[in-house]
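Good morning, and thank you for coming. I should like to take you through one structure today, beginning with its overall composition and ending with the parts that call for caution.

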Amino acid sequence: MNIRTRIIWISCLAVLAAALTSDLLLWLLSRQSFRSEAYLKALQETYTITSQIEQTFGPNWSLEMKERYLEYYFKSLKNEQSTSADESVIADTASQYSWFFGSSAHSSSVGYNICFRTAGDPSTKSQPQEIYNHTNITARELAALDYQSTQSPQQLAYAYLDHGQGRYIVFKKELTSNLLYYRIADISYVKAKMNRLTFYMGLITLVLALLTSAALFLILRRVFRPLQELDDTAGQMAQGRYDRRVHIRGKDEIARLGTSFNHMAEAVEARTLSLEQSEQKKTLFMGNLTHELKTPMTAISGYAQTLLSTKLRPEQQEEALLYIYEECTRLERLSRKMMKLLELDQETSLELTPTNVDIIFEAAAKSCAAILQQKQIELIRISHGETFLMDADLMTDALINLVDNAVKASRPGQKIQLRAYDHCIEVTDEGQGIPQEEQEKILEPFYMVDKSRSRQNGGAGLGLALTALIARHHSISMSIESREGKGTKILLQFR
């Protein structure tokens with residue numbers, strides 16, 4: 001079961017529980033109200049009859065006169081009810097449809113009158129004599145009821161009687177010491193009203209539950225639409241479609257969730273792209289490394305095999321051994337730079353100390369003195385005692401690589417300049433320059449603009465890559481300005 005269905009069920013059950021609780025309270029209050037209404041109506045009718053009887057009795061009336069009057073009076077009341085029976089036909093016919101409109105043919109109580117003459121002395125066991133009784137209820141049944149006082153001036157007592165399929169309220173009044181009067185009111189209509197009220201409340205509750213379910217279904221379908229879209233997009237991303245995004249609607253919690261999801265998707269896409277590029281670079285790196293190692297190793301193996309299998313003149317042997325030595329030196333430089341690249345690529349933190357640029361300028365000049373002298377190139381150093389935060393050894397290596405590349409790109413008699421100012425170190429040459437489209441690629445390992453010339457000069461395309469890595473660990477901004485035939489300027493900007 002999905003969350004939307006669970007919310008609909010929980011909400012409907014909550015609404016249903018609230019409605020049933022309200023219905024129960026209303027039902028209990030209505031039942032009490034209907035009972036009280038029926039009780040008061042029957043009490044008023046009984047009070048009216050007993051008051052009229054007591055006002056009619058004369059002070060000198062004998063018991064026989066009172067009995068004859070009561071019999072006549074109760075028969076008159078019965079005849080009045082019979083005379084009004086024809087008028088009740090229309091009301092009884094309408095009562096067939098009154099359940100729908102909320103009325104009832106028995107909206108008023110139907111009354112029955114019973115009167116007995118007693119012995120007067122409670123100690124006697126003689127049975128009461130009927131004066132008037134047009135019901136099948138006996139004096140014994142009436143006497144067995146549990147009466148309660150009405151606390152009225154008429155000194156009436158009342159009790160409830162279940163007889164047959166009806167429910168009645170019985171009022172008892174001692175008219176004289178020998179005359180006992182009962183007024184029986186039919187209150188079965190209270191039950192009919194309660195049944196009708198129960199039906200209405202059940203119907204309303206059912207309709208309310210259906211309307212609530214429909215409204216919740218429509219509202220939640222609209223509310224959960226972004227979550228459904230989010231789920232679909234997440235599924236597509238799980239299948240490798242990292243460019244998928246969710247559409248943001250509004251500024252609620254779901255919109256914020258969608259925004260966070262899009263940010264996460266962008267980060268995943270960027271990370272995935274970075275890993276793919278890194279993997280490609282590693283593959284290219286290993287391929288280039290294999291190629292760079294293969295060339296000197298092939299030459300060394302060939303010359304060694306020649307020395308072992310062929311008888312050469314001394315000058316030829318010396319030439320072969322010199323070539324083997326040069327290729328071994330080249331392999332040593334390559335392995336040293338490779339180790340430095342791998343070491344710096346581990347994201348190790350450096351301990352930077354304030355260092356005067358004259359120190360690293362001097363160290364770089366000494367290391368490159370042989371190659372500078374060999375190609376007859378002048379190295380000019382310009383500084384004014386600037387001090388930067390750096391690792392002196394690594395920055396010296398960086399400058400050696402830059403000067404070495406500048407020497408390889410220069411012709412004999414040209415100049416190379418090392419210059420420090422503000423927060424910058426600048427290396428400038430007058431060489432052949434770097435094409436515009438190649439300037440963004442030369443910082444990659446093993447990348448060489450002119451492969452034949454670079455290998456002829458003993459290069460492997462690692463110098464600028466190592467310099468860029470050293471600059472990144474120093475938080476140095478490295479930029480290249482170059483034009484073909486006009487030389488190259490590499491700027492190291494310290495923060």
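The secondary structure of the protein chain comes to 14 helices and 13 strands. Helices (H or I, at least four residues) and strands (E, at least two) are DSSP runs, numbered from the N terminus. This is a predicted model, in which local features need pLDDT of at least 70, side-chain atom pairs count only at pLDDT 80 or more, and totals for chains, interfaces and linings use all residues. Residues are numbered from 1 along each chain as its sequence is written, and side-chain values use heavy atoms, with hydrogens and water left out.

Of the 495 residues in the protein chain, 35% are buried; buried means under 20% relative accessible area, exposed over 50%, and partly exposed in between, with a 1.4 Å probe and protein chains only. A contact requires heavy atoms within 4.5 Å. Among contacts between residues at least 6 apart in sequence, 65% join residues at least 24 apart.

Let me turn to the sheets. Two strands are said to pair if DSSP finds at least two bridges between them. One open sheet has six strands in the order β2-β1-β6-β5-β4-β3, with antiparallel pairing. Its edge strands, each pairing on one side only, are β2 (129-133) and β3 (148-149). Helix α1, residues 3-56, packs on this sheet and touches β1, β4, β5 and β6. The direction of α1 makes about 30° with that of β5; axes here are lines fitted to C-alpha atoms, for helices over the stretch in contact, and angles run from 0 to 180 degrees between N-to-C directions. Within the sheet, seven bridges join the antiparallel strands β4 (157-163) and β5 (166-174), and H163 has G166 as its bridge partner in β5.

A further open sheet has five strands, in the order β8-β10-β11-β13-β12, and its pairing is mixed. Here β8 (378-382) and β12 (477-483) are the edge strands, each pairing on one side only. From one strand to the next, the twist averages 10°. Strands β11 (424-429) and β13 (487-493) run antiparallel and are joined by six bridges, with C424 opposite Q493 in β13. Seven bridges join β12 to β13, again antiparallel, and in β13 the bridge partner of S477 is Q493. The hairpin of β12 and β13 has three residues between the strands, and G485 takes a positive phi near 80°.

Which face of β12 is covered, and which is uncovered? M478, I480 and S482 form the covered face, while S477, S479, E481 and R483 form the uncovered one. In a regular strand the side chains alternate between the two faces of the sheet.

Two helices deserve attention at this sheet. Helix α10 (357-367) lies across β8, β10 and β11, running at about 175° to β8. Helix α12 (392-409) packs on the sheet, touching β10, β11, β12 and β13, and its direction makes about 150° with that of β10. Because 14 of the 18 residues of α12 are buried, this helix is largely enclosed by the rest of the structure.

That brings us to the nonpolar cores, each a set of buried Ala, Val, Leu, Ile, Met, Phe, Trp, Tyr and Cys residues joined through side-chain atoms within 4.5 Å. The largest has 36 residues, of which F361, M395, L399, L402, I416 and I425 touch the most other members. Helix α12 gives the most to this core, with nine residues. Beyond its neighbours within four places in sequence, M395 is in contact with I360, M390, I470, H474, I476, L492 and F494. Apart from this core lies another, of 16 residues, among them Y39, Y158, A185 and V190.

Finally, confidence. The mean pLDDT of the protein chain, the predictor's confidence in each residue from 0 to 100, is 78, and 80% of the residues reach 70 or more. Where is confidence lowest, and where highest? It is lowest in helix α4 (98-101), at a mean of 38, and highest in β11, at 92. Residues 85-108 stay under 50, and the model has 20 contacts beyond four places in sequence for them. Residues 448-460 are also below 50, with 27 contacts in the model beyond near neighbours in sequence. Where pLDDT is low, the predicted coordinates should not be read in detail.
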